[in-house]
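User: I'd like a close look at a single part of this model before I plan my reading of the rest. Could you pick one turn and follow it outwards into whatever surrounds it?

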Amino acid sequence: MVNRVILIGNLGSDPEIRTLESGAMVAKMSVATNENYKDRSGEWQTQTEWHEVVLWRSLAERAQSSLKKGSQVYLEGKLTHRTWEDQNGNKRKTTEVVGSYFRMIGARRDGTGGSNYFPSEEPGGMSSAAPSGAGAVSEPKQPEAVAPAAGEADDDLPF
């Protein structure tokens with residue numbers, strides 16, 4: 001069985017950093033992902049989803065030093081559900097992504113561009129060329145172009 005989440009999105013605010021009594025550091029942040037599609041009338045629409053993300057220990061420290069509101073990030077983790085009681089004694093339920101790896105993508109806030117590598121706390125670490133620890137990453141194969149059949153218009157494509 002697999003519980004794995006991969007997100008590429010932007011931070012909605014600076015990470016909220018706390019240090020627990022045990023000394024463990026935790027970072028909470030919201031990551032926005034967008035999906036673009038054409039509606040029935042042919043107009044482009046954007047649907048934004050917000051994801052609550054939690055990072056622990058060294059990942060939280062790295063998030064504190066490198067992530068800011070608007071940062072674009074590649075994030076891997078697992079989906080978790082937990083229940084808790086608020087101050088009024090009401091039961092609440094929340095769904096979060098507990099991050100195990102993140103990498104900044106896009107331009108850095110200082111304008112120098114590039115990306116930073118932030119491995120999880122897995123033994124042995126991972127190379128920056130293989131963010132999911134699966135070995136070397138090769139360039140994706142490009143699909144072959146297929147010409148539309150006679151009489152077919154290429155503007156009927158869904159993308």
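Analyst: Let's start at the hairpin that β3 and β4 form, with five residues between them. G42 sits in that turn and has a positive phi of about 90 degrees. Strands here are DSSP runs of E with at least two residues, helices are H or I runs of at least four, and both are numbered from the N terminus. This is a predicted model, where local features need pLDDT (the predictor's confidence in each residue, from 0 to 100) of at least 70, side-chain atom pairs count only at pLDDT 80 or more, and totals for chains, interfaces and linings use all residues. Numbering runs from 1 along each chain as its sequence is written, and side-chain values use heavy atoms, leaving out hydrogens and water.

Moving away from the turn, β3 (25–38) and β4 (44–56) are antiparallel partners joined by 13 bridges. Two strands count as paired if DSSP finds at least two bridges between them. One place to look is N36, whose bridge partner in β4 is T46.

β3 has other partners too. Strand β2 (residues 16–19) runs antiparallel to β3 and is joined to it by four bridges, with T19 standing opposite M25. These two strands also make a hairpin with five residues between them, and G23 in its turn has a positive phi of about 100 degrees. β1 joins β3 as well, through two bridges, again antiparallel; here L11 stands opposite V31.

On the β4 side, the next connection is to β6, and this pairing is parallel, over two bridges. V54 has V98 in β6 as its bridge partner. V98 also has K78 standing opposite it, which leads us to β5 (72–85) and β6 (91–105). Those two strands pair in the antiparallel sense over 14 bridges. They form a hairpin with five residues between them, and G89 in that turn has a positive phi of about 85 degrees.

While you are in β6, have a look at E96, which belongs to that strand. E96 counts as buried because its relative accessibility is 9%; buried means under 20% relative accessible area, exposed over 50%, and partly exposed in between, using a 1.4 Å probe and protein chains only. Its side chain makes a polar contact with the side chain of R82 at 3.0 Å. A polar contact is a pair of N or O atoms within 3.5 Å; within protein, one must be able to donate a hydrogen and the other to accept it, and residues adjacent in sequence count only if both atoms are side-chain atoms. Setting aside residues up to four places away in sequence, E96 touches K28, E52, V54, K78, L79, T80 and R82, where contact means heavy atoms within 4.5 Å.

Now for the nonpolar side of the story. A nonpolar core is a set of buried Ala, Val, Leu, Ile, Met, Phe, Trp, Tyr and Cys residues joined through side-chain atoms within 4.5 Å. The largest one here has 18 residues, and M29, V53, L55, L67, L75 and F102 touch the most other members. β3 gives the most to this core, with four residues. L67 reaches L11, P15, M29, R62, F102 and M104, again not counting residues up to four places away.

The helix α1 (residues 57–66) has L59, A60, A63 and S66 as its buried residues. They lie on the same side of α1 because they cover an arc of only 145 degrees around the axis, the arc being that of the directions from the helix axis to the C-beta atoms.

For a long-range link, try I8 in β1 (residues 5–11). I8 and Y74 are 66 residues apart in sequence, yet 4.5 Å apart C-alpha to C-alpha.

Finally, a word on confidence. The chain averages a pLDDT of 78, with 67% of the residues scoring at least 70. Over residues 112–148, pLDDT stays under 50, and the model has 49 contacts beyond four places in sequence for that stretch.
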